[in-house]
Amino acid sequence: MDHNLKPEERELVKLVQYFKKRAQVLITENKLEEDYRRMLETCDKLTEQLYLHAKNRENILAERAQLESMIQDNAKCPKCNSNEMLRLIGFDTSAQGWKSNKYKCRRCNIAFVWNTPNNPWDMIPYVEKFIKDTEEKMTDLDPADPGRESTMQGLEQMKANVAKLKPVTEASDLDMKDLQEREIQMAEMVHKFKKHLLIEKIKMEN
C-alpha cells in the first residue's frame, strides 16, 4: 500500500519502522522505557490513520477520474466527416467557461474544437441551456407538427439524464472538498510528527 502514500507520508512510515526495529533491540535487552512504548503506540495509530487516509484518497480520486471520463464526444473532423485520423491535442474553454476537447485531423491537417463539453460538470449546464433554447423555439411550432412529439420526448429524456447526473457530480464535489480539508490536516500532522521523530532519532544516534 506504500505506493498510495505521498513522499512525506512514506518518509514518516520509514521512520516509524526504524523506531520499531530499535524497540525490538531494547525489548531483548529489557531496556524499553514506558515513554518509548507510548511513542510507538502513537506511531502505530498515526500510520493506521495514514493508510486509511491514503486508501480513501485513492478511492475518491479514482471515482473522480471515472466520472471525468464518462463523457464520450464521438468527435468527427468537420472537413472529412471522419474520426479515423483524429488526435486529441488539448482542450479549449468556451465563453461560458465550459471545457471541450481540441483535436487535430491528420488527414486534413486541421485543428478544431468539438462542440460539446468534455466533462459532466460542464455538460449539465450545456444540456440545460440546449433544453431551454429548444423549448423556446418549440413555442413557435404548430402543435400538429409531426416532429414536435418526438422532440418533446427527447427533451424529457435529456431532463431525466441531467436529474440523474446532478447528484452524482454534487456528491463527488463534496467528497473532493472533504478530501482537500483532510489532506491539509494530515499534512500538518505528518510534518509535525516526522520532525519529532527525527529529533528523537538524532538523540539516539548521538
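**Exercise 1.** In this predicted model, work out how many bridges join β1 to β2, and which way the two strands run.

*Solution.* Start with β2, which covers residues 99-105. Seven bridges join β1 to this strand, and the two run antiparallel. For one example, take L86: its bridge partner in β2 is C105.

**Exercise 2.** Now put the strands in order and explain why β1 and β3 each have one side without a neighbour in the sheet.

*Solution.* First, the order: the open sheet has three strands, arranged β1-β2-β3, with antiparallel pairing. Next, look at the ends: β1 (86-93) and β3 (110-113) stand at the edges. Each has a single partner strand, so one side of each is left without a neighbour in the sheet. Finally, the twist averages 25° from one strand to the next.

**Exercise 3.** Classify the ring pair Y18 and F19, then decide for each residue: buried, partly exposed or exposed?

*Solution.* A search of the whole structure turns up four aromatic pairs. In this one, the ring centres of Y18 and F19 are 5.3 Å apart and the planes sit at 85°. Edge-to-face needs an angle over 60 degrees, so the Y18 and F19 pair is edge-to-face. Now accessibility: Y18 has 26%, so Y18 counts as partly exposed. F19 has 0%, so F19 counts as buried. One more thing about Y18: K201 lies over the face of its ring, 5.0 Å from the ring centre.

**Exercise 4.** Find which residues the ring pairs link into a cluster with F112.

*Solution.* Begin with F112 and W114, an edge-to-face pair with 6.4 Å centre to centre and 70° between the planes. Then add Y103: ring pairs link Y103, F112 and W114 into a cluster. As for F112, its relative accessible area is 9%, so F112 is buried.

Definitions and conventions:
Residues are numbered from 1 along each chain as its sequence is written. This is a predicted model: local features need pLDDT of at least 70, side-chain atom pairs count only at pLDDT 80 or more; totals for chains, interfaces and linings use all residues. Side-chain values use heavy atoms; hydrogens and water are left out. Two strands pair if DSSP finds at least two bridges between them. Helices (H or I, at least four residues) and strands (E, at least two) are DSSP runs, numbered from the N terminus. Axes are lines fitted to C-alpha atoms, for helices over the stretch in contact, and angles run from 0 to 180 degrees between N-to-C directions. Rings of Phe, Tyr and Trp (its six-membered ring) pair if their centres lie within 6.5 Å; planes under 30 degrees apart count as stacked, over 60 as edge-to-face and the rest as tilted. Buried means under 20% relative accessible area, exposed over 50%, partly exposed in between (1.4 Å probe, protein chains only). A charge sits over a ring if NZ of Lys or CZ of Arg is within 6 Å of the ring centre and within 35 degrees of the ring normal.
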